[in-house]
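The following exercises concern aromatic contacts, strand pairing and helix packing. Please work through each task before reading its solution.

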Amino acid sequence: MLSGERKEGGSPRFGKLHLPVGLWINSPRKQLAKLGRRWPSAASHVFGRGGNSSARGGSPAPYVDTFLNAPDILPRHCTVRAGPEPPAMVRPSRGAPVTHNGCLLLREAELHPGDLLGLGEHFLFMYKDPRTGGSGPARPPWLPARPGTAPPGPGWAFSCRLCGRGLQERGEALAAYLDGREPVLRFRPREEEALLGEIVRAAAAGAGDLPPLGPATLLALCVQHSARELELGHLPRLLGRLARLIKEAVWEKIKEIGDRQPENHPEGVPEVPLTPEAVSVELRPLMLWMANTTELLSFVQEKVLEMEKEADQEGLSSDPQLCNDLELCDEAMALLDEVIMCTFQQSVYYLTKTLYSTLPALLDSNPFTAGAELPGPGAELGAMPPGLRPTLGVFQAALELTSQCELHPDLVSQTFGYLFFFSNASLLNSLMERGQGRPFYQWSRAVQIRTNLDLVLDWLQGAGLGDIATEFFRKLSIAVNLLCVPRTSLLKASWSSLRTDHPTLTPAQLHHLLSHYQLGPGRGPPPAWDPPPAERDAVDTGDIFESFSSHPPLILPLGSSRLRLTGPVTDDALHRELRRLRRLLWDLEQQELPANHRHGPPAATPP
């Protein structure tokens, strides 16, 4: 607490201050005073110029604990807060000139005893923590600057802000950063475009041997640096640029695949079906982008929520600039959503296009070949009947591809959900079509189809996809089960009992199967199979074919990102790429300097 002076005939230079901090204040007239009191269990203290409550039609002025009168002090300039234990935290308001140990402060930072906090050009505070009982560092942390508060960019090691270090010491610090395994990627806003472009270009080209989620990890490091170190308005702009770069790279990749796999072939040139191996090679880049964009979107959502939380803490949730920033973030996230949707659509399109040529064998092939023994659950693909191998080969290729690309488990489930939905609809429609032209609905044929379907479901169960497959193949299974009912039992059944036993079939589908069932030469369906008058209209007007437009919607995964941005980088390939990008940024910084001021990068240390 301090009772201060008043300037004659003017506003108070110092008033009675109740601070939950211990600070030295340097006033515009260089008057120095020590401020301090004991910390409460949780406290915050706002510094600012305040405002006139009538300035905006009587709206209340911003709440301020300590009034500072200077032209460059904002109405709410910065906030110092503390919990029951050190360290305290300082957060500058948007656009407020604040320095921390001589470096421009753009984000919330820790306050340690002896730290210097500058507010504008006229006020300088030295932080003292009364809870430490006077104990503190041997010398102020701003001489030399604390390594953990390095300004953005690798060139900080040679800046004058580290004038307390010798040239050799600064070179060692730079080398430690350039070759270190810490998940950090420092850059200045002017190098942002080149850095993001290089990461996306390398990912699109498949250069190096990065882990599957390596591109998302590197891009997330850029997002994290912007959110922690750069000005508040920088993150939305970075997100927009990042999302546009990814979208352009994905669109180009889709065009390349489309050129190699055209929908319309020249007349007289037969279309060669895609093999599982070929479709896996074509889709790998798209699947990698889907996996990386999904994790990156989750990470970005976390950072945007943190931005909103910070604004709520400062009472700025209705600030027009913040609203504009959040709108820009929403636009960027919408672009990432679009990338995920499009890569998903393209992936399932080419997979279903490959399946389309293999599925008919499930209706036509006979699993009971002479001398062959039916494989049991968990059998290898090579042990399956020849007619089933092409279809199962597509499923296996898709399963291996999603695993190699580390696709999010929710998207893996939805990918196979769509493949099984397509397979069920395609097979059921083929089954309905087969019964119209020639005798097909008979017990012996149905048993073959049922056996093929059971073998497929058993194989999928062994691959960990049994529950999804059972759900989406339910309608085909019920239709085949109807045809597998022995003829004598079927003749005893009535329409109402068959509707009860086969509820997923529509009246039109059930009537179609029954009316074309082969009971024997010259023998037609019994009267008991006739639908009642109440369902006759549904039978006559209903469609016997399944619609491919009723597929399940894509639901993007919720929850935390799976990217690992804490602890040392353990993957050697990712570490090599991180070192390469750091040296690229170093070169870009050096190119801006006069030739006689440039420094060559330190010798690389072994990874």
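The exercises below refer to this structure, which is a predicted model.

**Exercise 1. Classify the ring pair formed by Phe395 and Phe420, and state which elements it ties together.**

Solution.
1. A pair of aromatic rings is described by the distance of the centres and the angle of the planes.
2. For Phe395 and Phe420, the centres are 5.2 Å apart and the planes make an angle of 80°.
3. Ring centres must lie within 6.5 Å to pair, and planes over 60 degrees apart count as edge-to-face. The pair of Phe395 and Phe420 is accordingly edge-to-face.
4. Phe395 belongs to helix α8 (residues 389-404) and Phe420 to helix α9 (residues 409-437), so the contact ties together parts that are 25 residues apart in sequence.
5. Phe395 is buried, at 1% relative accessibility, and Phe420 is buried as well, at 0%.
6. Ring pairs also join Phe395 and Phe420 with Phe416 and Phe473 in a cluster. The count of aromatic pairs comes to eight.

**Exercise 2. Determine the geometry of the pair Phe440 and Tyr441, and decide whether each residue is buried or exposed.**

Solution.
1. The ring centres of Phe440 and Tyr441 are 6.4 Å apart, a distance that falls within the 6.5 Å limit.
2. Their planes stand at 70°, so the pair is edge-to-face.
3. Buried means under 20% relative accessible area. Phe440, at 1%, is buried, and Tyr441, at 0%, is buried too.

**Exercise 3. Identify the charged residues that lie over the faces of Trp251 and Tyr177.**

Solution.
1. Over the face of Trp251 lies Lys247, at 5.3 Å from the ring centre.
2. Over the face of Tyr177 lies Arg582, at 4.8 Å from the ring centre.
3. A charge sits over a ring when the relevant atom is within 6 Å of the ring centre and within 35 degrees of the ring normal.

**Exercise 4. Describe the surroundings of strand β6 and its place in the sheet.**

Solution.
1. Strand β6 comprises residues 88-92, and five of the five are buried, so the strand is largely enclosed by the rest of the structure.
2. Both faces are covered: on one side Ala88, Val90 and Pro92 are buried, and on the other Met89 and Arg91.
3. Strand β5 (residues 78-82) runs antiparallel to β6 and is joined to it by four bridges. Val80 stands opposite Val90, and five residues lie between the two strands of this hairpin.
4. Strand β9 (residues 109-111) also pairs with β6 in the antiparallel sense, over three bridges. Here Ala88 has Leu111 as its bridge partner.
5. The open sheet contains five strands in the order β4-β3-β5-β6-β9, with mixed pairing.
6. At the edges stand β4 (66-67) and β9, each with a single partner strand, so one side of each is left without a neighbour in the sheet.

**Exercise 5. Characterise the packing of helices α12 and α15.**

Solution.
1. Two packed helices are described by the angle between their axes and the distance between the axes.
2. The axes of α12 (residues 474-484) and α15 (residues 507-515) come within 11 Å and cross at roughly 30°.
3. Angles under 35 degrees count as roughly parallel. Helices α12 and α15 are therefore roughly parallel to each other.
4. Their crossing is right-handed.

Definitions and conventions
Residues are numbered from 1 along each chain as its sequence is written. This is a predicted model: local features need pLDDT of at least 70, side-chain atom pairs count only at pLDDT 80 or more; totals for chains, interfaces and linings use all residues. Side-chain values use heavy atoms; hydrogens and water are left out. Rings of Phe, Tyr and Trp (its six-membered ring) pair if their centres lie within 6.5 Å; planes under 30 degrees apart count as stacked, over 60 as edge-to-face and the rest as tilted. Buried means under 20% relative accessible area, exposed over 50%, partly exposed in between (1.4 Å probe, protein chains only). Two strands pair if DSSP finds at least two bridges between them. Axes are lines fitted to C-alpha atoms, for helices over the stretch in contact, and angles run from 0 to 180 degrees between N-to-C directions. Angles under 35 degrees count as roughly parallel, over 145 as roughly antiparallel, 65 to 115 as roughly perpendicular and the rest as oblique. A crossing is left-handed if the near helix is turned anticlockwise from the far one by less than a right angle, and right-handed if clockwise.
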